[in-house]
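Please work through the exercises below with the sequence and the model at hand. Each task is followed by a solution in steps.

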Amino acid sequence: MIKVGIVGGTGYTGVELLRLLAQHPDVSVETITSRSEAGVKVCDMYPNLRGHYDRLAFSEPDARALGALDAVFFATPHGVAHALAGELLDNGTRVIDLSADFRLRDATEWSRWYDQAHGAPALLGEAVYGLPEMHREKIKNARLIAVPGCYPTAVQLGFLPLLEAGLVDASQLIADCKSGVTGAGRGAKVPSLLAEASESFKAYGASGHRHLPEIRQGLNDMHDTPVGLTFVPHLAPMIRGIHATLYARLDAKAGDLQALFENRYANEPFVDVMPAGSHPETRSVKGNNTCRLAVHRPEGSDTVVVLSVIDNLVKGASGQAIQNLNLMFGFDEKAGLNAPALMP
Ligand SMILES: NC(=O)C1=CN([C@@H]2O[C@H](COP(=O)(O)OP(=O)(O)OC[C@H]3O[C@@H](n4cnc5c(N)ncnc54)[C@H](OP(=O)(O)O)[C@@H]3O)[C@@H](O)[C@H]2O)C=CC1
Ligand SMILES: CC(=O)N[C@@H](CCC(=O)OP(=O)(O)O)C(=O)O
């Protein structure tokens, strides 16, 4: 049994970590932090966790207490893990960061997109991008994991087989993506209000979103020439879920795309390639760590359309973070992640 901590336990990804880890046979959550709720019992704030964490209470973040643990998850806004990760690693504690602090390899580019100086550039060299379908072997030996963002997970898994096989024009990829409102976090913001987000649908960040450089970096790792990507996110009136509709122009040599996807993901526990002609729904992955994919070639044309759905809080954040922890500690990769999705 390993001992873990969560920094940022009152947010949506923090409480999702708690929900999933309650079913994990090899993990005990010893510490959970919140500055605003310090002293409050977890099960008083989240009654769904009554009976699972009856003694655990939120505490102020404390580097010494966190440094006594085997692993610490950061479920915090950007910049927080920069300040604490180095000290934890020096104490032998492994760090799994759900924020974007270590996702971009280039500190200057990170500063440009996140509008602040990079707080730990010396750690960038050892941070491993935690997309198991791409980097499983590196994750096993990592001390510091940058958990991929939600949109980046859905988009990269959808394009991966096509780019690895070199079957598309990589210079003109399109990712048209929709997210539920929990993607914006639990903090009060006007666009997340019921009256603003329900019964409506809108794009945002069309001329440049911070996930663009992250997705581009990941896609470049899959292909030998630089990719060109148009990425447009949308806010959908739902609580959880990401739906990515991906478009690419096929090369003449493209053959059986269904078989390509099925073969690439045959041994992946959390990628489900649906039968030809399917249309995956976000609700089919609600609460579950699966990325569900379908591949289409409309009217046999030279355009491939990939449909990719995930739960932004699970495969897009907390579930993927636990998948990484399982790989780092040699546990069953599916431990804590076995429950099927909620439907309807
Ligand atoms: N929501 C999503 O779908 C996804 C989120 N992520 C990323 O995961 C991280 C957490 O997201 P989410 O759960 O939505 O965020 P929330 O805004 O819902 O929660 C943030 C948490 O961090 C704590 N916190 C805030 N500032 C600090 C600080 N300076 N020091 C210590 N703790 C702090 C807050 O508690 P308190 O202020 O009381 O300390 C709170 O518990 C973010 O970086 C987000 O971008 C990644 C993928 C998907
Ligand atoms: C709907 C919404 O606002 N989504 C967030 C992305 C989700 C998120 O938290 O981003 P990370 O995965 O990088 O942490 C946004 O567009 O900024």
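The exercises concern a predicted model and treat confidence, two ligand shells and one annotated region.

**Exercise 1.** Determine what confidence the predictor assigns to the chain and to the complex.

*Solution.* Begin with the protein chain: its mean pLDDT is 96, and 100% of its residues reach 70 or more. Then turn to the complex, for which the predictor gives an ipTM of 0.96 and a pTM of 0.97.

**Exercise 2.** Describe the shell around ligand 1 and explain where ligand 1 lies with respect to domain 1 and domain 2.

*Solution.* First, identify the nearest residues: of the 31 residues around ligand 1, these are G8, G11, S99, G185 and R186. Next, look for elements that give two or more residues to this shell; they are α1 (12-21) and α11 (314-328). Of the elements, α1 gives the most, with three residues. Sorted by class, the shell has 18 polar, 10 nonpolar and three charged residues. Finally, domain 1 (2-126) and domain 2 (151-312) both give residues to the shell, so ligand 1 lies between them.

**Exercise 3.** List the residues around ligand 2 and sort them by class.

*Solution.* The list runs S99, A100, G149, C150, S179, G183, A184, P233 and L235. Sorting gives five nonpolar and four polar residues, with no charged ones.

**Exercise 4.** Characterise the region covered by the UniProt domain annotation.

*Solution.* An unreviewed UniProt entry carries the annotation "domain: Semialdehyde dehydrogenase NAD-binding" for residues 3-142. Over residues 3-142, helix makes up 33% of the chain and strand 17%. The end C-alpha atoms of this stretch are 17 Å apart.

Technical notes
Residues are numbered from 1 along each chain as its sequence is written. Chains are lettered from A and ligands numbered from 1 in the order in which they are written. This is a predicted model: local features need pLDDT of at least 70, side-chain atom pairs count only at pLDDT 80 or more; totals for chains, interfaces and linings use all residues. A residue is near a molecule or strand if its C-beta atom, placed from the backbone, lies within 6 Å of it. Helices (H or I, at least four residues) and strands (E, at least two) are DSSP runs, numbered from the N terminus. Ala, Val, Leu, Ile, Met, Phe, Trp, Tyr, Cys and Pro count as nonpolar, Asp, Glu, Lys and Arg as charged, and the others, Gly among them, as polar. Domain bounds come from an automatic or database domain assignment. pLDDT is the predictor's confidence in each residue, from 0 to 100. UniProt positions are given in the numbering used here, feature names are shortened, and annotations may be inferred rather than shown by experiment.
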